[in-house]
Amino acid sequence: MTTRDPARPTPTFAPETVLVEAARPPRANGASVNPPIELSSTFIGTTEVNDSGYAYGRFATPAWTPFEAALGELEHAALPALVFGSGLAAIAAVLALVPRGGTLVMPTHSYQGSLQSAQELAARAGFSVVSVDIADTDAVIAALDGIVTDDAAAAAGDSSGDVTEDPGAASAMLWIESPTNPMLEVADMPALIAAARARGVRVAVDNTFATPLLQTPLDLGADLVVHSVTKYLAGHSDVVLGAVITNDPTLRELLLTERSMRGAIAGPFEVWLALRGMRTLSVRLERAQANAQILAERLSDRAGVVEVRYPGLPADPGHARASKQMAGFGAIVAFTVDTAEQATAIAEAVRLWTPATSLGGVESLIERRRRHASEPSSVPEGLLRLSVGIEHVDDLWADLDAAITAATGETGDGEPAATLA
Ligand SMILES: Cc1ncc(COP(=O)(O)O)c(C=O)c1O
């Protein structure tokens, strides 16, 4: 399942090195340094599944193998990742593991696509969704206890519960997004994963914001990790892809069936680009995160800005937790201004920042999240999400500062602006 040269010892490299070294072709005179782009929908063989493991491109293809090996290694999994056609395809495959009558416990401020997907699947498949403030550890544990109790009641034949098949542990799933999109709440990952495991509840973590460089949830006992590869892993806003990583062979098999039978597969070129982009993740993230820290600090002191959310700020509610459990604070910052109109005006006034959705690319993006009707109403109307890129931080600040002045009438020095642009 991996392209690692068996003659080379199993490496114990740091993640920065794994990013660069993983899944290279075997070393041979004249061999390519990079895996090739494999363009074939079918593979030669006379047996039902030929010896290579490749038969038909919807099930498995060498176009995916190097990327899946590299990402599995980065997330500290013993098994290769499974790449999907988008982050949401990966998420939907994981959500489909919750059976009829089961329960999904999900952060109120998860990525809005995940929330919508969960609601739709729940209605169709017949499971329930319990919404929690993922930063409130006691509340999440109480929600888990509620499920376990309900399941026990159903198992004991309580007619008030409509759980009829296989109630208990595996019928529940805790979904963790940390930091959350777009509110940047930080979950107590070790405590929540341990609590879920103690109750036999499966845990899936959306690790898109943090990347495996900042946290590796499988090490804490999570069952599943998902990524929108579209974001930091690919890193250049030029592909849409997703992935799931698990250490559990049974779960991996179920997800493989889900991918093969629903057909939400990735194209060879996109996966090749994602591996190419992933090689530079550590330097991209290091610069983006340093920029994010500086911008968050400057925004905190900026007249016209009501609130800044960034776990790297000592005053942020997630700071202590993030300092303990993450190797860095990431490069997404959210800040609020008084009104939706002001926020929109800022997004329209920037010249260097790009007003667009998505995140994790080398270029800096800005977006008022409530412009999406599906964004939860608890996200402030005036909240702008920044995906901080790798440009020079002073250029980013000058552009943002000027846009805030233009939109709010407040100058950076605390004096009201003379004119509104
Ligand atoms: C945290 C998070 N997870 C998942 C997704 C969905 O990924 P994709 O757009 O690749 O389907 C997104 C997209 O914005 C996201 O921000």
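**Figure 1. Surroundings of Arg259 in the predicted model.** In this predicted model, and leaving aside neighbours within four places in sequence, Arg259 is in contact with Phe59, Trp64, Glu68, Leu82, Val83, Phe84, Ala264 and Ile265. Arg259 belongs to helix H8, which covers residues 249-262, and with a relative accessibility of 2% the residue counts as buried, because the cut-off for that class is under 20%. One of the listed partners, Glu68, also meets Arg259 through a polar contact between the two side chains, at 2.9 Å. The view can be extended to Ala89, which stands 170 residues away from Arg259 in sequence, although the two C-alpha atoms are 8.5 Å apart in space.

**Figure 2. Helix H2 and the residue that comes just after it.** Helix H2 runs over residues 65-74 and is mostly covered, with nine of its 10 residues buried. The buried set consists of Thr65, Pro66, Phe67, Glu68, Ala69, Ala70, Leu71, Gly72 and Leu74; Glu68, in this set, is the residue whose side chain makes the polar contact with that of Arg259. Just after the helix, His76 adopts a positive phi of about 60°.

**Figure 3. The ligand and its shell of residues.** The ligand is surrounded by 13 residues, and the closest of them are Leu88, Asp206, Ser228, Thr230 and Lys231. Sorted by class, this shell is made up of five nonpolar, six polar and two charged residues, and its largest share, three residues, is contributed by helix H3, residues 87-95. Several pairs of atoms can be picked out in the close-up: an oxygen atom of the ligand is 2.6 Å from an N or O atom in the side chain of Thr230, a polar side-chain atom of Asn181 lies 3.0 Å from an oxygen atom of the ligand, and a polar backbone atom of Gly87 is 3.0 Å from an oxygen atom of the ligand. Of the 400 Å² of accessible area that the ligand has on its own, the protein covers 92%.

**Figure 4. Thr137 in helix H5.** Thr137 is part of helix H5, which comprises residues 137-155. Its relative accessible area is 13%, and Thr137 is therefore classed as buried, the limit being under 20%. When neighbours within four places in sequence are set aside, Thr137 is in contact with Asp188, Ala191, Leu192 and Arg321. With Arg321 there is also a polar contact, which links the side chain of that residue to the side chain of Thr137 at 3.2 Å.

**Figure 5. Glu367 and its polar partners.** Glu367 lies in strand S11 and, at 2% relative accessibility, counts as buried because this value falls under 20%. Its side chain takes part in a polar contact of 2.5 Å with the side chain of His372, and a polar contact of 2.6 Å joins it to the side chain of Arg369. Not counting residues up to four places away in sequence, Glu367 touches Ala356, Thr357, Ser358, His372, Leu383, Leu384 and Arg385.

**Figure 6. Helix H13 and the elements that pack against it.** Helix H13, residues 393-408, contains 16 residues and reaches 22 Å from its first C-alpha to its last, close to the 22 Å expected at 1.5 Å a residue. The helix is mostly covered, since 12 of its 16 residues are buried, that is, under 20% relative accessible area. These buried residues are Val393, Leu396, Trp397, Asp399, Leu400, Asp401, Ala403, Ile404, Thr405, Ala406, Ala407 and Thr408. They pack against two helices, H10 (281-300) and H12 (340-349), and against the strands S9 (332-336), S11 (365-368) and S12 (383-387); strand S11 is the element that holds Glu367. After H13 comes Gly409, with a positive phi near 80°.

**Figure 7. The protein chain as the setting for the close-ups.** The secondary structure of the protein chain comes to 13 helices and 12 strands, and 55% of its 421 residues count as buried. Among contacts in the chain with a separation of 6 or more, 69% are between residues 24 or more positions apart. The chain exposes about 17800 Å², of which carbon and sulfur atoms supply 54%.

Conventions. Residues are numbered from 1 along each chain as its sequence is written. This is a predicted model: local features need pLDDT of at least 70, side-chain atom pairs count only at pLDDT 80 or more; totals for chains, interfaces and linings use all residues. Side-chain values use heavy atoms; hydrogens and water are left out. Helices (H or I, at least four residues) and strands (E, at least two) are DSSP runs, numbered from the N terminus. The expected span of a helix is 1.5 Å times one less than its number of residues. Buried means under 20% relative accessible area, exposed over 50%, partly exposed in between (1.4 Å probe, protein chains only). Contact means heavy atoms within 4.5 Å. A residue is near a molecule or strand if one of its heavy atoms lies within 4 Å of it. A polar contact is a pair of N or O atoms within 3.5 Å; within protein, one must be able to donate a hydrogen and the other to accept it, and residues adjacent in sequence count only if both atoms are side-chain atoms. Accessible areas come from the Shrake-Rupley method with a 1.4 Å probe; for residues, only the protein chains shown count as cover. Ala, Val, Leu, Ile, Met, Phe, Trp, Tyr, Cys and Pro count as nonpolar, Asp, Glu, Lys and Arg as charged, and the others, Gly among them, as polar.
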